[in-house]
Amino acid sequence: MNPVNSIKRIGLLTSGGDAPGMNAAIRSVVRMGYHLGIKTYGVMRGYQGLLSGGFKELGPRDVSNIIHRGGTILKTSRCAEFKTNSGLKKAKLNLDKKLLDGLIVIGGDGTYRGAYELSKVWSGQIIGVPGTIDNDLYGTDFTIGYDTAVNTALQAIDKIRDTAESHERMFLVEVMGREAGFIALDVGISGGAEDVLLPEIKTNLKSISKHLYQAREAGKTSSIIIVAEGDEEGGAFQIAEKLKQLSGNEYHVVVLGHLQRGGTPTSSDRKLATELGAFALLQMIEGKNKVAVGRLRGVLSTTLLSQTWKRKKPLDPFLLKLLPILAK
Ligand code: F6P
């Protein structure tokens, strides 16, 4: 692997919510860069670091023993100032001062939108690597961190099921996903939930209440309902209250929250992060700009950054159909 190369110095950052596997992606970019004679400068705290000029040269030893660690050694943030014109200009000045030819950003849709805005004022090449537990980016079948988050949530749900069954209780479990129900649908299916409440689909609490009543009548003594945090009826606490008013029944609530973002990345996330990190750098060397890398329908691919949020990745329609059939 030794393509003709005009890229000599690149920046690398992680931004937005951390996701397990980000460190494996960092390692892959740095070591592929080292192999190709490219210097990698880590930008600390995402776009905030671009504003303050927080760069750190990274060599192969700086990324030792991080492949198995959750979080991100580069730290991350959500940076409001970066979205302003003066913020973008500051970032451009710092990138130019450091003589960078390109920038690799690892994050979700907010990170990609930031990268796209930056590309309007800075002439270096920019490539996105999909790192978010939400899996809501078009252009890749799965995002880095999603598989780990789903498995973390599933382990928790399995434990809750033991208690639900022993006490014959009904539980609402809230999982992350402000705008996307991928985690909720996935754990709903693999956790055998009674119902899943998703931001993409209008929630009908009356029919959920009726369904739970019928389930009781049919001999079910416990139930688990998954609520994506972005459901339009509210979070799990609000929904429990509304269901109580409809049926008089008590619902126990567990909000999994940030528990889902940490932890050791699964082997799928480490592998995906490793291939996408290296692939991003190789695509930059080939001259690609303003694109995000991904595995799309199983194939390593690039997608225009702007398409990653303009086009919507759909929830699996077959899983959606299966859910009510299997919750009998
Ligand atoms: O984008 C990842 C995510 O974990 C979402 O699922 C969640 O809504 C959001 O980040 C929470 O962000 P923060 O940690 O900034 O509160």
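Select helix α1, residues 22-36, in this predicted model. Its 15 residues should span 21 Å, because each adds 1.5 Å along a helix. Now take the distance between the end C-alpha atoms: they are 21 Å apart, in agreement with that expectation.

Stay on α1 and colour it by burial. How many of its 15 residues are buried? The count is 11, so the helix is mostly covered, with buried meaning under 20% relative accessible area. At the start of α1, pick M22, N23, A24, A25 and I26, which are among the buried residues. Then add S28, V29, V30, M32, G33 and L36 to complete the buried set.

Next, show what these side of the helix touches. The buried residues of α1 pack against four strands: β1 (9-14), β2 (39-43), β3 (55-58) and β4 (102-107). They also pack against a helix, α9 (267-285).

Step past the end of α1 to G37. This glycine follows the helix and has a positive phi, near 75°.

Now move to the largest pocket. It holds about 760 Å³ of space. Centre the view on G16, R78, D109, G110 and R178; of the 31 lining residues, these lie nearest the pocket centre.

Which helix gives the most to this lining? Select α4, residues 109-121: it contributes six residues.

Colour the lining by class. You will find 12 charged, 12 polar and seven nonpolar residues.

Finally, colour by domain. Domain 1 (3-145 + 265-310) and domain 2 (146-261) each supply at least three residues to the lining of the largest pocket.

Key
Residues numbered from 1 in each chain as written. Predicted model: local features only at pLDDT ≥ 70, side-chain atom pairs only at ≥ 80, totals over all residues. Heavy atoms only, no water. 1 Å grid on protein atoms, 1.4 Å probe; cavity = no way out; pocket = protein on both sides within 12 Å on 5 of 7 lines; lining within 4 Å. Points joined across faces, edges and corners; volume = space filled by probe spheres on them. Helix = DSSP H or I, 4+ residues; strand = E, 2+ residues; numbered from the N terminus. Nonpolar A, V, L, I, M, F, W, Y, C, P; charged D, E, K, R; others polar. Domains from an automatic or database assignment. Expected span 1.5 Å × (residues − 1). Buried < 20%, exposed > 50% of the residue type's maximum accessible area, 1.4 Å probe, protein only. Contact = heavy atoms within 4.5 Å.
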